Amino acid sequence: MSEELWQKYYGQPNPIYGNKRQYGMLLDLNKCLGCHTCTIACKTTWTDGPGQENMYWNSVNTKPYGEYPRQDANAPDGLDYENSNLYQDVPKGVYPDLWQFYLPRPCNHCSRPACLPACPTQAIYKNDDGIVLIDEDLCQGYKNCIKACPYDKIYFNQVTKKSQKCIMCFPLIEKGEEPQCVKSCVGKIRVFGDLMDPNSAISRLIRDPSLGAKAYDPEIQFKAVTRYMTDADRRQYRADFGTIPSLWYILPKNVPEEELEKYFGGAMRGLIGQPHTPEARLKYKKT
Amino acid sequence: MKGQTYHKRTYGPNRVKYPMKRVGARGQGHWKRISWDEALDFVASEIKRISAKYGSKAVWIYPPVPATGIVKQGAGFRFASVNKFGIGTFYNWYGDLPLAHPITWNVQTEEHEIMDVQNSKYVIMWGSDMVQTRIPDAHFFMDVRAKGVKTVYISPYFDPTASAVDEWVRLRPGTDAALALGMCHVIVKKGMSKDNYIKRTTSGPLLIRDDNGKYLRESDLKSDGKKKTFIVWDPASKTPSADKYFSEAAALTGSFDVTLKDGSTISCTTSHSLFLKKLEEYDPATVSQITGIPEADIERLAVEYASNAPASIWSGTGINHWYHGDLMGRAVIALSVLTGNVGVNGGGVSPWAGQYKMRIRPVDYFFPLKEKGKKARYRPVPLDTAYVVNGPTETMANKEKLWRQVRCIWAAGGNLLGQSSDQNTLLHKTLPEVELIVSPEIEMSSNAQLADIVLPIVSWYELPADIATTPAHPYIQYVEGPVKPLYEAKTDLEVYYEICKRLGTGDIFKFKEPEEAIKHLLDTGGAQVKGINFERLKKERVIKVNSPSSPIAAFTEEIKGVKTFKTMTKRQELYKEEDRFIEYGEQLPTHKEPQTATPYGRSMEWGEAKKHKNHEFEKYPLYYLSRHTRWSVHSSWRTEDLVRKLDDVGEPLLEMNPLDAANRDLNAGDWAIAYNQHGYMKARLKLRESVPPGAVLIYFGWQREQIKDGHWNSLNRVAINPIHEIYFKPNVWGPVSGHFDELCEVKKA
Ligand code: SF4
Ligand code: SF4
Ligand code: SF4
């Protein structure tokens, strides 16, 4: 990301919501192990209760075919939340010309969230840290936010009848800790911080890719003795949705560029291909 | 990821909560709850009965991998020792022991701690799917790549690691030795081998007798010559002379006439010359034919590997779980040796598989002294697990003394009956001979389901105290569970103690509380833990052990000449002279076609093999691979729903290439059967291009009741390679499982 772009996105307080901080993450997709430690860390911390069985605020999928939630005509509301990791390790191409990558996704805590204005009861708000939250006392379960979020990152709890989503682990942040999915990331692919702070590790790493490829540098505040980030483009996932996501990714080097454009490009260029036998998809019903 | 759900397992419905005795036939699932006293009395009386009838060594303990909890797991060895029971093996039985290590270096396994990859300039992951099977360590490999170091993955499968490296090299399964030797060939031809290093530290300069293939010894030359002194050719004096480790004076190559003590003259050749001759067979064109890798790639890989020092190889079980895995390992080691990479930080060949490495000397705990100050110890009577499952072979080492039918199995080392290779032999031939199966278990595993008596053991969260180490890092850790024992669970240690008490050996076994055992272990633990006592460890929790290198690397002192290798010749032995190596033509690393999984002549070298056809391959044309997944540790966690739900559809799947499926009129999601002459497995099909055409893979670890029909390990046999039986040193030299060396066919169910 150029300095210019950073100025435009993060150089001043959020023009609509006024937050002077915008917490976000940078994830190096070259290093993601698809291990789902993040998923489980989040799940056992926040979504282990009734009605949350199929809720993965942080999900990880093998791209291109993995998706969560997955469109499924047989599922309630046409979306299957239960099988969150289908097409695990199914690459695209024909042996041996293959590619795949893991895409971990929490909520993007967008600068211009689509979910927020969609709520008729104004239950969704953006806090001073730029975190997008649902006030469950105000939520009346209209599910408009679920339809509005282009990233499918809001979930409906069938037991409490409320919408729920990633809270960027704000109770931990208030204690000076990092979110669970960051702390627990076994691949050490995640950098967390304030995108609006020009001196934070994350904003520096986003502006200057070469920084991450250097050895341990106390100046960029890495909390590890050896940790490197790949010197490759930093982009947002599906920036074309226009919500200005606060999740940034370092693009995987092993994926053809034109394919990457579909996920991280400025705009969609055609649909992502479907797997070789879409009509014969595995049935999830137990026989 | 798995550890984060351990509380679910600790409190889960699958826990064994109280002692249970089988009622009805084995495996039917009918149990009677009994008290601890009843259980202990019953087991002790049965053990007494069996010992009286068949001898105490017919009671056989299946030992656990010790380093995960040296007190808890090591207690199994102690239990067997003080009662003179039989004891099985784990490290070679699982197929984790890289036999090439004892063959070349006479060590169990020596390897680099994983952080050492940070010192590498070039990294090859040789059949080791880091990203999936070494989750906690994989970031070191990703980090080093991010830093700009080239990483290479060698595997026929497009595993998760294949998409996380700079280059993915594909070869025909089971031909890894040919690739390594092809690279050696190129390195030698281009003059890139480190000849001084070879001369100083390897068997290279030693003379081999052309007449019998043995090392020439001083005792061959003079009547008062020593048998253990080996001979080199001194080019200055043009005479044979006694070998001096680390000297550069000897001739590395050449054939020389030598006069023996009886006056006759024989011709001898340096072992390096013999190796160079062997390498002539592995020119890139031939290796390309064998492996399917383009010639130019073989040359380029060799040059890259040789010109970026230090270069490390991480070889794992991918190349070890083969009948000829020892040859593959030796070929890969030869590559590292030729380029001077053994013994330097950032180099080496590290095959980490399993928590076998105890960074402490455990002998006094495992095999207690009979009397203080004297040498005699209580010792168990070993019997390799492979023979327990399979029965003895013709070529078994020390057969008269060691072979006996086992009558009691105490499965301390995990899910033996659920995970063992060759399920059909095990269930239908072996188990009917066994009169008592004891399963001390945390959860109701497949092993427990087949047992006669199940004893509730504390989970890792309830473990009062233990210590753990690993080959992956240099620390000794203090382990202390946060909760008190749940239900009626007891520690392994206490159970052993109680049984010993009933057998009259309680005083010798001695330990009931783990703290006491830890103190004993640390006090007698040797140089690595010198200065680490119980109080300090309990306070600091994690302490680095003493070691000559940091990060730990193998053989750093040996290659500096400070120490010699532990082998007979004191050198890295690329050349082996034991009769059986000579009989099988394996004195030097070579490629042999797989024993089963090949279209060509089985177990033959290429020159012969290519002229033959494997008729089994026509019937069963698919390579069959059952392997580790990220979602379980063997069979642990397969029953934890939180984890299982993330594993695709959450059930066993047979995975194959869409092309093979289409040829068999199969679709994704179909029920299918993978089968061969040994057995079958029924599961649904997943189709993906990551599996090369001509192969089937299944991620294993499922409980018996999770499998629709058959078993993934009923397609495997325990095929024992006679080379693995030259010696028997439990977990150091013994039959290494070769279960990747298997074929099958798939049909619609
Ligand atoms: S990702 Fe979706 S739920 Fe999250 S802030 Fe953006 S629009 Fe809202
Ligand atoms: S930031 Fe916290 S709540 Fe959000 S996905 Fe990560 S762990 Fe879950
Ligand atoms: S924990 Fe880290 S490495 Fe593992 S899947 Fe999540 S983001 Fe990727």
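These legends describe close-up views of a predicted model.

**View 1. Surroundings of ligand 3.** The shell around ligand 3 holds 14 residues. Nearest to the ligand come Cys32(A), Cys35(A), His36(A), Cys38(A) and Cys185(A). By class, this shell has 9 nonpolar, 4 polar and 1 charged residues.

**View 2. Surroundings of ligand 1.** Cysteines around ligand 1 are Cys107(A), Cys110(A), Cys115(A) and Cys149(A). Asn108(A), His109(A), Pro113(A) and Ala114(A) also belong to the group around this ligand. Val132(A), Tyr151(A), Ile154(A) and Lys165(A) complete the list. The class split for ligand 1 is 9 nonpolar, 2 polar and 1 charged residues.

**View 3. The second largest pocket.** This pocket encloses about 1,300 Å³ of space. Its lining counts 42 residues, and Gln108(B), Glu110(B), Lys357(B), Met358(B) and Lys566(B) are the closest to the pocket centre. Two helices of chain B, α14 (363-366) and α24 (556-560), each supply at least two lining residues. The most comes from α24(B), with 3 residues. The lining divides into 22 nonpolar, 10 polar and 10 charged residues.

**View 4. Cys119(A) and Cys145(A), an unbonded pair.** A search of the whole structure finds 0 disulfides over all chains. Why is there no bond from Cys119(A)? Its closest cysteine sulfur, in Cys145(A), is 6.4 Å away, which is too far. A disulfide would need the two sulfur atoms within 2.5 Å. Seen from Cys145(A), the closest cysteine sulfur is that of Cys119(A). Cys119(A) is buried, at 13% relative accessibility. Cys145(A) is buried as well, at 6%.

Definitions and conventions: Residues numbered from 1 in each chain as written. Chains lettered and ligands numbered in written order. Predicted model: local features only at pLDDT ≥ 70, side-chain atom pairs only at ≥ 80, totals over all residues. Heavy atoms only, no water. Near = heavy atom within 4 Å. Nonpolar A, V, L, I, M, F, W, Y, C, P; charged D, E, K, R; others polar. 1 Å grid on protein atoms, 1.4 Å probe; cavity = no way out; pocket = protein on both sides within 12 Å on 5 of 7 lines; lining within 4 Å. Points joined across faces, edges and corners; volume = space filled by probe spheres on them. Helix = DSSP H or I, 4+ residues; strand = E, 2+ residues; numbered from the N terminus. Buried < 20%, exposed > 50% of the residue type's maximum accessible area, 1.4 Å probe, protein only.
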